Amino acid sequence: MSPRTLLRTLTAATAAATALALTGCGAITSDDATSGSDDGGFKLAPYIQKRVDDDKPLRIKLSYHDPSLAFATPIGAGMKKAGKEFGAEVSLIGPTGGDAAKQVSEIQTLIQQKAVDGLAVSSASSDALKPVIGQAYKAGIPIISFNTDNPDSQQMGFVGQDLKGSGKSQAEQLRKGLKGNVNGKSVVVFSVDTGAGWSHDRFNGFKEGMEGSGLKIVGPVNVGNEPSSAYNTVESTMSGQSNVAAVAGLDCCSTTAAAKWVAQSGKADSITMGGFDLLTQTAEYIKRGVLDFSISQNPSEQGYQAVKVLHDFVTKGTEITGVDTGAQFITRDNLADATVED
């Protein structure tokens, strides 16, 4: 039996969760629903199978929770590389500013218009995206999560970093660099979106890694995406703190905002700081000794692998098992060999 035939009846052995009932988040026609699955097993939509049979390029979309973020640039570069390699029509879509309702609406339109053959989603809000992920799955559209996991949904796999594990690693690395006696002191944690699932996961790992450190955890403090506003929030937060031993950013942009404050405060020699991602600013702060380390999650690889696993599934019947893109510590010692992400 050929892979294409197998795809018509492929079960959801690789699905991350059991069937999720459709909610009122969007109108999916009866034709869309019956072309997919009603019993928990995945069935490729006939219109997608026809594109494969007719040797037409697959239309693969990566829905990112905020394409205006600098982190989206390397994701898009990896996506385009895979599109060129596999002959797929690829595009990075999503709402500027991280509006979950707009992200859901955009995805629903793709489903209703049968305008996508494979979909990867980075959720602005895990709860808001669960139903539409279920809608895509039931409509017979292969769907995975990337960058931000949504394990309680009907995603068929996840491409990205182990978020909780990376948060724990960040805390453990911070502890190694602490200066002097830290009992009774604090570590202040910042995030661009404390309500996001990825932020919760990363912070929960961070708390686990800090257990027994003697440090009081302050935060996470929400700073938002706008750079000047983020810095002002960091500045006002830090003005109310004393005996700070460490600072942590849970993402690219809270890291640069917090590092800017550490640099301008003149306390880089007494405060240990760790962050995430490697923007140009981040690399500069590492070079100057303001930021002790940052953790790269390889965004280009996330974009590339998201396209690859979807394309391989549809065209070859390759099982979707997910891809861990890893966590690399970037310090002064290996900065010259690291890839800047913006």
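This report describes an open sheet, a helix and a crossover associated with it, and a nonpolar core in a predicted model.

The sheet contains 6 strands in the order 7-6-8-9-10-12, and its pairing is mixed. Strand 7 (216-222) and strand 12 (328-330) form the edges; each has a single partner strand, so one side of each lacks a neighbour in the sheet. On average, neighbouring strands of this sheet are turned by 20 degrees against each other, direction ignored.

Strand 8 pairs with strand 6 and with strand 9, as listed below.

| Strand pair | Bridges | Direction | Bridge partners |
|---|---|---|---|
| Strand 6 and strand 8 | 5 bridges | parallel | serine 186 and valine 244 |
| Strand 8 and strand 9 | 3 bridges | parallel | alanine 246 and threonine 272 |

Strand 8 is mostly covered, with 6 of its 6 residues buried. From strand 8 the chain passes through helix 10 (residues 252-265) to strand 9, a β-α-β crossover that is right-handed.

Helix 9 (residues 227-239) also packs on the sheet, where it touches strand 6 (186-191), strand 7 and strand 8. The direction of helix 9 makes about 160 degrees with that of strand 6.

The largest nonpolar core comprises 100 residues, of which Leu62, Ile141, Ile144, Phe190 and Phe206 touch the most other members. When residues up to four places away in sequence are not counted, phenylalanine 206 touches Gly167, Lys168, Gln170, Ala171, Leu174, Val187, Val189, Ile217 and Ala248.

Notes
Residues are numbered from 1 along each chain as its sequence is written. This is a predicted model: local features need pLDDT of at least 70, side-chain atom pairs count only at pLDDT 80 or more; totals for chains, interfaces and linings use all residues. Side-chain values use heavy atoms; hydrogens and water are left out. Two strands pair if DSSP finds at least two bridges between them. Helices (H or I, at least four residues) and strands (E, at least two) are DSSP runs, numbered from the N terminus. Axes are lines fitted to C-alpha atoms, for helices over the stretch in contact, and angles run from 0 to 180 degrees between N-to-C directions. Contact means heavy atoms within 4.5 Å. A nonpolar core is a set of buried Ala, Val, Leu, Ile, Met, Phe, Trp, Tyr and Cys residues joined through side-chain atoms within 4.5 Å. Buried means under 20% relative accessible area, exposed over 50%, partly exposed in between (1.4 Å probe, protein chains only). A crossover is right-handed if, with the strands pointing away from the viewer, the path from the first strand over the helix to the second runs clockwise.
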